[in-house]
Amino acid sequence: MNSKKMMMIGSMVGLVAGMAACGGNSGSGDNSSGSTASAKYIKGPITAFGSVYVNGSRYNTDSATVYIEGNQGKESDLRVGMMVSVEASADGKAKSIHFSDELEGIVVGKPNIGADGIGSMMVMG
């Protein structure tokens, strides 16, 4: 396989991961209580930085450990749109942030994706 085709496949896999990040979420993402009670778990796309925003709620990352595919990483490894799981205290301080690919594989055939990012593609048959 030539490098141009591999780059297109990599781009399409990234697009699929980005589309998956726009999907649903679990956890409330509400960090407004101000209490330091038990931890909560939030899953959703990163929507912004300045700490990290997941599902539109801010989580302070000053003491958070970041994991990329199970290996310790850095906050700078994260990107807007990545689907992450955050373990946070009720007062909005992230303890850990985890990212793992939602999908990996070879794109088969021509993807049918519109300019709005909505469409379909076949991966690995």
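**Labels and their cut-offs**

Trainee: Why is Met122 called partly exposed?

Mentor: Met122 has a relative accessible area of 45%. Buried means under 20%, exposed means over 50%, and partly exposed is what lies in between, with a 1.4 Å probe and protein chains only. So 45% puts Met122 in the middle class. Keep in mind that this is a predicted model, where local features need pLDDT of at least 70 and side-chain atom pairs count only at pLDDT 80 or more, while totals for chains, interfaces and linings use all residues. Residues are numbered from 1 along each chain as its sequence is written, and side-chain values use heavy atoms, with hydrogens and water left out.

Trainee: Where is Met122 found, and what makes the patch there a nonpolar one?

Mentor: Met122 is in strand 9, residues 119–123; strands are DSSP runs of E with at least two residues, numbered from the N terminus. The patch joins Met122 with Ile106, Val108 and Met124, about 380 Å² in total. Patch members need over 30% relative accessible area and no salt bridge, and nonpolar side chains (Val, Leu, Ile, Met, Phe, Trp, Tyr) are joined within 5 Å. Met122, at 45%, clears that 30% bar. The areas come from the Shrake-Rupley method.

Trainee: And Lys40, buried or exposed?

Mentor: Buried: its relative accessible area is 19%, just under the 20% limit. Lys40 is in strand 1, and its C-alpha is 9.9 Å from that of Lys95, although the two are 55 residues apart in sequence.

Trainee: How do you know that strand 1 and strand 6 pair?

Mentor: Two strands pair if DSSP finds at least two bridges between them. Strand 1 (residues 40–49) and strand 6 (residues 83–88) have 6 bridges, so they qualify, and they run antiparallel. In that pair, Ile42 stands opposite Val86. Strand 4 (residues 65–68) and strand 7 (residues 94–99) qualify too, with 4 bridges in the parallel sense; there Thr65 partners Ser96.

Trainee: What makes strand 3 and strand 5 edge strands?

Mentor: The open sheet has 7 strands in the order 3-2-1-6-7-4-5, with mixed pairing. Strand 3 (57–59) and strand 5 (71–73) each have a single partner strand, so one side of each is left without a neighbour in the sheet. Direction ignored, neighbouring strands are turned by 40° against each other on average.

Trainee: What is odd about the phi of Glu69?

Mentor: Glu69 has a positive phi near 50°, in a residue other than glycine. Glu69 belongs to the hairpin of strand 4 and strand 5, which has 2 residues between the strands; those strands pair antiparallel over 3 bridges. At 38% relative accessibility, Glu69 is partly exposed. Asn55, in the loop between strand 2 (52–54) and strand 3, also has a positive phi, about 55°. Asn55 has 24% relative accessibility, so it is partly exposed as well.

Trainee: What makes a group of residues a nonpolar core?

Mentor: Its members are buried Ala, Val, Leu, Ile, Met, Phe, Trp, Tyr and Cys residues joined through side-chain atoms within 4.5 Å. The largest one here has 14 residues, and those with the most contacts inside it are Val54, Tyr59, Leu78, Val84, Val86 and Ile97. Strand 1, strand 2, strand 6 and strand 7 each give two or more residues to this core. In soluble globular proteins, nonpolar side chains tend to be buried together.

Conventions
Patch = residues over 30% accessible without salt bridge, like charges linked within 9 Å, V, L, I, M, F, W, Y side chains within 5 Å. Areas by Shrake-Rupley, 256 points an atom, 1.4 Å probe, with all protein chains shown as cover. Salt bridge = Lys/Arg side-chain N within 4 Å of Asp/Glu carboxyl O. Axes fitted to C-alpha atoms, helices over the stretch in contact; angles between N-to-C directions.
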